Amino acid sequence: SNEQMEARVWEIKKELGGRLFIPGHHYQREEVIQFADVTGDSLQLAQLSAQNREAESIVFCGVHFMAETADILTTREQTVILPDMRAGCSMADMADIEQTERAWSKLSAMYGDTILPLTYVNSTAAIKAFVGKNGGATVTSSNAKEMVSWAFSEKQRILFLPDQHLGRNTAYDLGIPLDKMAVWDPYKDELIYDGNVEDVLVLLWKGHCSVHENFTIKNIEALRVERPEMNIIVHPECRREVVEKSDYAGSTSYIIDKIENASPGSEWAIGTEMNLVKRLINKYPDKNIISLNPNMCPCLTMNRIDLPHLLWSLESIVKGIRFNPIEVPQEIASDAILALNRMLERA
Ligand code: 13P
Ligand code: SF4
């Protein structure tokens, strides 16, 4: 039963003590997040993993790219474990390294040495390595503005992987007009732009988050009619026009802070992952909170990590086997860390 599994997880946590570390992303299920030693957004979890030098086993409750990042930032003696290998990220899968190498050679032929690559942390370790090798950095939704500004202090143009929406929303907030942004289509190997390509400053990889793309202008328009008093707050992985029509937009931590500091009785429609929205609804019964999309589902890959998988991972540690280790090859890790460190120095 669930109770028995929960009791066993507590028991193993007690037995392993500081030798075990469980970071949990805010989008994780309640049945899992209750066991997290720390919770956070992707930036915080990267920083916390980098700081932990004691734990031999890090059971990462999040998705594959986060576990890879944790593996890169921890020591060789520490093993990062992902409780279910199917916990990927559809956005990270939208940029593979071959596509990226092809794009880079075509773009370099067009623009010479004027582009700096940036990648959202929601990307494979191989993409981070590519970016690191080419002088660029990783970004997260909570430091994207700082990192994009930095990139423009280095080079005239940026290539932003793999989330076109975060890239577009961030560049727009920094004052770059939409007509200076073009989309790179990695399946057609071409730039989507109808103007003089010399004018382009921001090259956006054609990727997106399938969870955040579910929030639409229609959701906003319906709410403005039915509940005009509602504040609408969304994650910048939402499309430009959705961010445009919202009252507030920001990273997972920004949304959490905003709701925490909102006055009792205030009304909020949130456009982000459903496990987090539900948690906020339960945590703040004095505030009126709903999801911006009433038919919203949680992130399916985040949800792969459930209590049975968590327990299975922990039992494997107790037996000394450690199932599902995430081991980024050294030659990839050594370049990826350049990109991560350029961010962590500035974040
Ligand atoms: P943050 O945790 O950086 O806000 O990212 C959101 C997300 O989609 C994680 O997969
Ligand atoms: Fe990937 Fe979107 Fe899920 Fe985050 S919410 S893990 S970006 S699919």
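With 347 residues, a compact globule would be expected to have a radius of gyration near 20 Å, and this chain has 20 Å, so the two agree. Keep in mind as you look around that this is a predicted model. Along its principal axes, the C-alpha trace spans about 65 × 55 × 30 Å. How much of the chain counts as buried? The share is 47% of the 347 residues. You can also ask how the contacts are spread along the sequence. Taking the contacts with a separation of 6 or more, 67% of them join residues 24 or more positions apart.

Now let's look at the parts. The secondary structure comes to 14 helices and 15 strands. The chain is divided into three pieces: domain 1 takes in residues 2–89 and 302–328, domain 2 covers 92–209, and domain 3 covers 212–291. Notice that domain 1 is written as two stretches of sequence. Between the centres of domain 2 and domain 3 there are 27 Å, taken over C-alpha atoms. Where these two domains touch, domain 2 gives twelve residues and domain 3 gives 14 residues. On the side of domain 2, the contact is made of three nonpolar, seven polar and two charged residues.

Next, turn to three cysteines. In an unreviewed entry, UniProt lists Cys89, Cys209 and Cys299 under "binding site". Why can we say that they gather at one spot? They span 211 residues in sequence, yet no two of their C-alpha atoms are more than 9.5 Å apart, so the three come together in space.

Let's visit two of them in turn. Cys209 sits in the loop between strand β11 (202–205) and helix α9 (217–226). Is Cys209 buried or exposed? A residue counts as buried if 20 or more other C-beta atoms lie within 10 Å of its own. Cys209 has 24 such neighbours inside 10 Å, so Cys209 counts as buried. Setting aside residues up to four places away in sequence, Cys209 touches Met91, Asp163 and Glu237. Cys299 is found in another loop, the one between β15 (288–291) and α13 (307–318). Cys299 is buried too, because 23 other C-beta atoms lie within 10 Å. With the same kind of sequence neighbours left out, up to four places away, Cys299 touches Tyr27, Val211 and Glu273.

The cysteines lead us on to the ligands. Around ligand 2 there are 13 residues, and those that come nearest are Cys89, Met91, Cys209, Val211 and Cys299. You will recognise Cys89, Cys209 and Cys299 from the UniProt entry. The shell of ligand 2 divides into eight nonpolar, four polar and one charged residue. Ligand 1 has a shell of its own, with Cys89 and Cys209 among its members. That shell also includes Asp41, Ser42 and Leu43, along with Asn122, Thr140, Ser141 and Ser142. Glu237, Ser251 and Thr252 surround ligand 1 as well. By class, the residues around ligand 1 are three nonpolar, seven polar and two charged.

For a look at a helix, find α8, residues 164–173. This helix is mostly covered, with eight of its ten residues buried. Among the buried ones are Gln164, His165, Leu166 and Arg168. After α8 comes Gly175, whose phi is positive, near 95°.

Two more residues round off the tour. Arg322 lies in the loop between α13 and α14 (330–344). Arg322 has 16 C-beta neighbours inside 10 Å, so Arg322 counts as partly exposed. Although Arg322 and Ile81 are 241 residues apart in sequence, their C-alpha atoms are 7.3 Å apart in space. Beyond its neighbours up to four places away in sequence, Arg322 touches Ser57, Thr79, Ile81, Ser316 and Ile317.

Ala36, finally, is found in the loop between α2 (30–33) and β3 (38–40). Ala36 is buried, because 20 other C-beta atoms lie within 10 Å. Leaving aside neighbours within four places in sequence, Ala36 is in contact with Ile22, Pro23, Gly24 and Cys61. How far is Ala36 from Ala222, which is 186 residues away along the chain? Their C-alpha atoms are separated by 37 Å.

Conventions: Residues numbered from 1 in each chain as written. Chains lettered and ligands numbered in written order. Predicted model: local features only at pLDDT ≥ 70, side-chain atom pairs only at ≥ 80, totals over all residues. Domains from an automatic or database assignment. Contact = placed C-beta atoms within 7 Å. Nonpolar A, V, L, I, M, F, W, Y, C, P; charged D, E, K, R; others polar. UniProt positions renumbered as here; feature names shortened; annotations may be inferred. Helix = DSSP H or I, 4+ residues; strand = E, 2+ residues; numbered from the N terminus. Buried ≥ 20, exposed ≤ 12 C-beta atoms within 10 Å, placed from the backbone. Rg over C-alpha atoms; globule rule 2.2 N^0.38 Å. Near = placed C-beta within 6 Å.
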